[in-house]
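Here is a walk through one protein model, from its helices to its loops. Keep the structure in view while reading.

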Amino acid sequence: MPKTLKASNQPLEAEAESVPSSLRIVCDDAATIKLEANESGEAETPSLRKFSMNAYTGGAMRLGGWPYPVVVDLAGMRVTRKSRPILKDHDRGSIVGHTDDITISDKSLQVAGVISGVGATAQEVIATSENGFPWQASLGASADKVVFIPEGKTAKANAREHKGPVYIARKSTLGEVSFVALGADDNTEARVAAGQVDGDDESIETEDQSETTDGLEPVNASLNMGTKPQIKTEPKSAVDQMRAEAAAESRRIAGIRKICDGNHPTIEADAIEHGWSTTKTELAVLRSERPKTPEPNQNTPRYTREVLEAAACLSVGIDEKQLLAGYGERTLDAAHPLRHIGLRELVAECARMEGIEVPRVFGDGTATIRAGFSSMSLPSIMENVMNKTLLAAYENTPIAAFDLCSVGTVTDFKEVARYRLLGTGGFEQVAPDGELKHGKLSEQKYSNKADTYGQILTLTRHDIINDDLSAFMDIPRQMGRSGAESIDDLFFTLLLKNAGFFSSANANFLQGADTKFGPDALTVAKTTFRKQKAGPGGKAKDQKPINIRPEYLVVPVELETEAELLMGSSQLMIDAQGSPTKIPVDNPHRNKYRIISTPHLSDSYYPGASASAWYLFANPRVLPAFEIVFLNGRRTPIIERVEMPPNTLGMGFRSYIDFGVNSQDHRAAVKVAGE
């Protein structure tokens with residue numbers, strides 16, 4: 001007979017309300033079938049194939065038919081015998097085998113056994129396993145005693161603390177084990193009769209099994225009775241029978257009053273009047289003392305923060321493949337119905353997620369906006385979505401400077417020095433005494449430093465009332481493009497106004513009437529580039545050539561088509577005097593250089609811009625003419641939330657990027673005036 005729970009305001013554990021009478025424990029990992037080898041190394045017969053599984057690790061599970069997570073207390077799990085049937089899909093007619101070992105610790109349930117079935121089902125499991133099919137396991141168990149832990153309370157099971165709301169099956173009985181294709185099937189259950197026991201139990205309460213109370217399911221019990229000697233007794237007299245019935249009724253009423261204990265007069269009166277058994281009375285008392293589950297309302301959160309964030313990303317058009325890698329398939333599927341979410345709904349759901357009351361109707365938006373702005377979720381979601389939007393726009397904007405500059409890292413905003421050593425000597429023959437001579441090195445020093453570039457934006461009350469999330473996200477898109485464009489802007493400003501970098505003294509500047517872009521001028525520029533010397537001036541007679549080849553042909557957009565024709569043509573139409581003709585001549589420049597064309601070179605916005613000047617650059621990883629440095633190696637802009645002043649009705653965000661650009665080695669580039 002279960003013990004009676006005394007009335008209290010909020011019990012730590014109470015018998016759970018009407019819940020399924022069975023459990024299906026689903027393995028975290030697929031069941032593995034292991035093939036043992038005999039002494040000769042040959043495989044045993046399929047009927048002796050063994051399997052083992054880590055069936056349960058003691059945590060909370062989401063099970064079909066249970067409104068809250070379920071924890072099976074392994075300390076209260078009953079295994080009547082080590083040999084339990086192994087089925088397929090919980091079908092008693094589909095026999096696979098049996099268990100030969102079941103181990104229960106305080107943290108896990110381990111099951112092992114053999115595939116002893118001889119029918120088609122067992123052969124199917126063996127054959128599919130050999131083909132690599134990932135069978136999963138599902139364990140059926142009866143829920144003999146289930147308690148409910150309300151929200152705000154904790155209870156201990158399986159050597160860990162579990163926070164409510166959660167169900168804990170304090171007592172359960174292991175039934176059968178099944179191989180299933182999908183273990184986490186919430187629509188089906190392993191139906192095992194509750195309260196089923198073996199014949200070694202001392203007693204079973206079975207009275208009034210057909211009765212139910214307020215929707216409670218009856219508890220069925222059965223005994224496997226063996227053959228025992230029959231003892232004949234004389235029938236009782238009518239007086240003795242009346243006395244026995246009166247004694248039974250007296251004991252029933254006394255038991256009912258003891259259970260109700262004066263705290264449940266209505267239940268006590270109904271039980272005595274309608275002839276309830278003590279078991280049925282106790283169930284009614286337990287049900288009346290259970291904590292009531294709060295009814296869902298319009299403020300009940302329906303989505304998690306990850307789902308809302310993914311939905312907002314879909315709404316602003318971020319690529320689904322990128323989101324799948326970040327959020328996972330389950331979150332993205334849950335977010336897909338919300339792929340057109342607006343700012344109003346996003347603000348309201350963020351408030352609901354944190355238990356803040358939100359009006360059913362948006363109205364003028366005052367209450368909803370105040371609730372959303374007071375939540376912690378909305379700023380976090382907006383910040384993450386804006387960062388993803390900004391990053392996508394930044395990465396989709398071409399940055400020519402990354403092709404023509406080396407990329408470095410600095411740890412602060414102070415000026416840093418770069419040194420480059422180019423040998424003017426070389427290996428010399430070692431003297432007979434083995435002495436190595438000192439080589440001559442020319443040390444060159446360059447500098448660079450990072451600065452911060454950024455801007456601020458505000459999510460205002462107007463933006464939310466207008467309910468256009470995509471329009472608001474145009475701002476971080478523009479920020480992303482602006483971050484990319486600021487790098488090119490700084491680079492081309494430095495390139496075009498740096499008269500001292502490209503000069504005759506550095507042997508990297510060509511001008512004159514014969515420098516107009518064409519095959520001949522390109523030949524001269526290439527030759528000039530290849531003849532660069534190792535020393536600072538680049539002209540000293542005692543200095544060796546550095547032998548660096550140009551790889552990039554940089555032209556303004558006015559010369560882009562002409563450069564593409566020159567790089568793509570296999571032949572040139574010129575005569576022996578170099579004039580255009582119909583006589584073809586092989587093109588020595590075909591596919592030798594990668595063309596980079598930008599509007600910055602000829603735009604009057606930049607001092608020193610020219611529609612005729614063009615350049616040759618070396619690979620910056622070999623010898624850099626210019627260098628870009630980023631603070632701590634971060635090459636992308638970032639968005640952060642900022643506190644807004646009281647006179648600003650909105651939520652503020654700032655975006656910034658830390659970088660710097662400076663010239664390095666003049667021998668890595670040649671400028672041609674193109675006159």
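How far should the 19 residues of helix 10 (residues 377–395) span at 1.5 Å a residue? The expected span is 27 Å. The end C-alpha atoms of helix 10 are 27 Å apart, which agrees. The model is predicted, so keep that in mind for every value below.

Start with the whole chain. The protein chain has 675 residues, and 42% of them count as buried. Its secondary structure comes to 15 helices and 27 strands. Take the contacts between residues at least 6 apart in sequence: 72% of these join residues at least 24 apart. The chain exposes about 36,900 Å², and carbon and sulfur atoms supply 50% of that area.

Now return to helix 10. Its buried residues are Ser377, Leu378, Pro379, Ile381, Met382, Val385, Met386, Asn387, Thr389, Leu390, Ala393 and Tyr394. A general point helps in reading such a list. An α-helix has 3.6 residues a turn, so residues three or four places apart point the same way. 

One partner of helix 10 is helix 13 (residues 469–497). The two pack at an angle of about 45 degrees, with their axes 7 Å apart. That angle makes helix 10 oblique to helix 13. The crossing of helix 10 and helix 13 is right-handed. Helix 10 makes the contact with Met382, Val385, Met386, Thr389, Leu390, Ala393 and Tyr394. From helix 13 come Leu469, Phe472, Met473, Pro476, Arg477, Met479, Gly480, Arg481, Gly483, Ala484 and Ile487. Each of the helix 10 residues in this contact is also on the list of buried residues.

Helix 8 (residues 343–353) packs on helix 10 as well. Here the angle is about 130 degrees and the axes are 9 Å apart. Helix 8 is therefore oblique to helix 10. Leu343, Leu346, Val347, Cys350 and Met353 of helix 8 meet Ser377, Leu378, Ile381 and Met382 of helix 10. Met382 thus appears in the contact with helix 13 and in the contact with helix 8.

Stay with helix 8 for one residue, Ala351. Is Ala351 buried or exposed? Its relative accessibility is 0%, so Ala351 counts as buried. Leaving aside neighbours within four places in sequence, Ala351 is in contact with Ile356, Val358, Ala371, Gly372 and Ser375. Ala351 and Leu378 are 27 residues apart in sequence, yet their C-alpha atoms are 7.8 Å apart in space.

Another helix pair lies earlier in the sequence. Helix 4 (residues 278–289) has 12 residues. From first C-alpha to last, helix 4 reaches 17 Å, close to the 16 Å expected at 1.5 Å a residue. Its buried residues are Thr278, Lys280, Thr281, Glu282, Ala284, Val285, Leu286 and Glu289.

How does helix 2 lie against helix 4, parallel or antiparallel? The packing angle is about 15 degrees, with the axes 9 Å apart. Angles under 35 degrees count as roughly parallel, and helix 2 and helix 4 are therefore roughly parallel to each other. Helix 2 passes helix 4 in a right-handed crossing. Arg252, Gly255, Ile256, Ile259 and Cys260 of helix 2 meet Thr278, Thr281, Glu282 and Val285 of helix 4.

Next come the loops and their backbone. Most residues other than glycine have a negative phi, and most peptide bonds are trans. Asp261 has a phi near 55 degrees, a positive value in a residue other than glycine. Asp261 is found in the loop between helix 2 (238–260) and helix 3 (265–274). At 41% relative accessibility, Asp261 counts as partly exposed.

Ala159 also has a positive phi, near 65 degrees. Its place is in the loop between strand 11 (154–157) and strand 12. Ala159 counts as partly exposed because its relative accessibility is 44%. Beyond strand 12 (160–163), Pro165 lies in the loop that leads to strand 13 (166–180). A cis peptide bond joins Gly164 and Pro165, with omega about 5 degrees.

Finish at Tyr593, in the loop between strand 21 (580–586) and strand 22 (594–598). Tyr593 is buried, with a relative accessible area of 8%. Not counting residues up to four places away in sequence, Tyr593 touches Leu522, Lys526, Pro550, Glu551, Leu553, Met567 and Leu616. Tyr593 and Ala563 are 30 residues apart in sequence and 9.8 Å apart in space, C-alpha to C-alpha.

Note on methods
Residues numbered from 1 in each chain as written. Predicted model: local features only at pLDDT ≥ 70, side-chain atom pairs only at ≥ 80, totals over all residues. Heavy atoms only, no water. Helix = DSSP H or I, 4+ residues; strand = E, 2+ residues; numbered from the N terminus. Expected span 1.5 Å × (residues − 1). Buried < 20%, exposed > 50% of the residue type's maximum accessible area, 1.4 Å probe, protein only. Contact = heavy atoms within 4.5 Å. Areas by Shrake-Rupley, 256 points an atom, 1.4 Å probe, with all protein chains shown as cover. Axes fitted to C-alpha atoms, helices over the stretch in contact; angles between N-to-C directions. Parallel < 35°, antiparallel > 145°, perpendicular 65-115°, else oblique. Left-handed = near helix turned anticlockwise from the far one by under 90°.
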